[in-house]
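Hi everyone, thanks for making room for me today. I'd like to walk you through one structure, so please have a look at it first.

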Amino acid sequence: MFEKIVLASGNAGKLREFSRLFAERNIQILPQSQFDVPECPEPYFTFIENALAKARHAAKHSGLPALADDSGICANTLGGAPGVLSARYAGDNPKSDAANNAKLSADLSGKNNQSCYYVCVLVFVRHEHDPQPVIAEGIWRGQWQNEAAGEHGFGYDPHFYLPEYGCTAAELDAEIKNAVSHRGQALQELLKKMAAFA
């Protein structure tokens, strides 16, 4: 397996989640900021293309294998929006979870269908020009809830209601969340595929 992997993200929440999940496998996750990796453009319309661009970019600048995550929330009634624009749905000057949540609440206001789902695409590359990137996807379905609830999680979690648990993602126990979330699902698939390189 691999001892060190650079995470192609500056998101502290993602770094915590991945570090915890990979620690069980004795793999150290390093933030790309440690290598002064410049911000990678994300011009694509799909999670897969953006994740692949970020992984190759981080591998190029760090010289290490790289893991990139592109994820977001998609509302069925909005044609999958905000999708790849989830992190900057309300603009990026500055990016704000609160502003993003307020915009999505407003956009879903009065709509009969409040169903939404989180998507996570993970891409792992052994090096910048890896001809065989490992790609894994996870989807986590829920309902939009206007009132925020819960202190855990980040992003849209306080509004992402899970009927089967009777709470939002931000109220869910961390261990359960890691097992059932879009990121948890994608990671399990990724680790199975990465084992082929061992």
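Let me begin with one residue: Asn-178 counts as buried, because its relative accessibility is 12%, and buried means under 20%. Bear in mind as we go that this is a predicted model. Where does Asn-178 sit? Its place is in helix 4, which covers residues 174–180. And which residues does Asn-178 touch, leaving aside those up to four places away in sequence? They are Glu-17, Arg-20, Leu-21 and Gly-184.

Now to the sheet. It is an open sheet of seven strands, in the order 2-1-3-4-5-6-7, and the pairing is mixed. The edges are strand 2, residues 28–31, and strand 7, residues 167–168, each of which pairs on one side only. As a reminder, strands of a sheet pair through backbone hydrogen bonds, either parallel or antiparallel. At the strand 7 edge, strand 6 (residues 160–162) runs antiparallel to strand 7, and two bridges join them. There, Tyr-161 stands opposite Thr-168 of strand 7.

Next, the helices that go with the sheet. Helix 3, residues 97–108, lies across strand 3 (66–75) and strand 5, and it makes an angle of about 60 degrees with strand 5. Helix 2 lets us do a little arithmetic check: it has 16 residues, so at 1.5 Å a residue it should span 22 Å, and its end C-alpha atoms are indeed 22 Å apart. Helix 2 has a list of buried residues, among them Phe-47, Ala-51, Lys-54, Ala-55, His-57 and Ser-62. What covers the buried residues of helix 2? The cover includes strand 1, strand 3 and strand 4. Just after helix 2 comes Gly-63, with a positive phi of about 75 degrees.

On to the nonpolar packing. The largest nonpolar core has 19 residues, and the members that touch the most other members are Ile-5, Phe-22, Leu-67 and Leu-190. Which elements each supply at least two residues of this core? They are strand 1 (4–7), helix 1 (12–23), strand 4 (115–125), strand 5 (134–144) and helix 5 (182–194). Helix 5 gives the most, with five residues. If you'd like one residue to click on, try Leu-67: beyond its sequence neighbours up to four places away, its contacts include Ile-5, Phe-18, Phe-22, Leu-122, Phe-124 and Leu-190. There is also a second, separate core of 16 residues, which includes Val-6, Phe-47, Val-84 and Val-119. Phe-47 is one of the buried residues of helix 2 we just met.

Finally, some backbone details for anyone who likes torsion angles. Ala-81 and Pro-82 are joined by a cis peptide bond, with omega about 0 degrees. Pro-82 is found in the loop between strand 3 and helix 3. Two residues that are not glycine also have a positive phi. Asn-26 is one, at about 55 degrees, in the loop between helix 1 and strand 2. Asp-36 is the other I'd point to, with phi near 55 degrees, in the loop between strand 2 and helix 2 (47–62). Are they buried or exposed? Asn-26 counts as exposed because its relative accessibility is 68%, and Asp-36 counts as exposed because its value is 69%; the cut-off for exposed is over 50%.

That's my tour, and I'm happy to take questions.

Conventions. Residues numbered from 1 in each chain as written. Predicted model: local features only at pLDDT ≥ 70, side-chain atom pairs only at ≥ 80, totals over all residues. Heavy atoms only, no water. Helix = DSSP H or I, 4+ residues; strand = E, 2+ residues; numbered from the N terminus. Buried < 20%, exposed > 50% of the residue type's maximum accessible area, 1.4 Å probe, protein only. Contact = heavy atoms within 4.5 Å. Core = buried A, V, L, I, M, F, W, Y, C linked by side-chain atoms within 4.5 Å. Pairing = 2+ DSSP bridges. Axes fitted to C-alpha atoms, helices over the stretch in contact; angles between N-to-C directions. Expected span 1.5 Å × (residues − 1).
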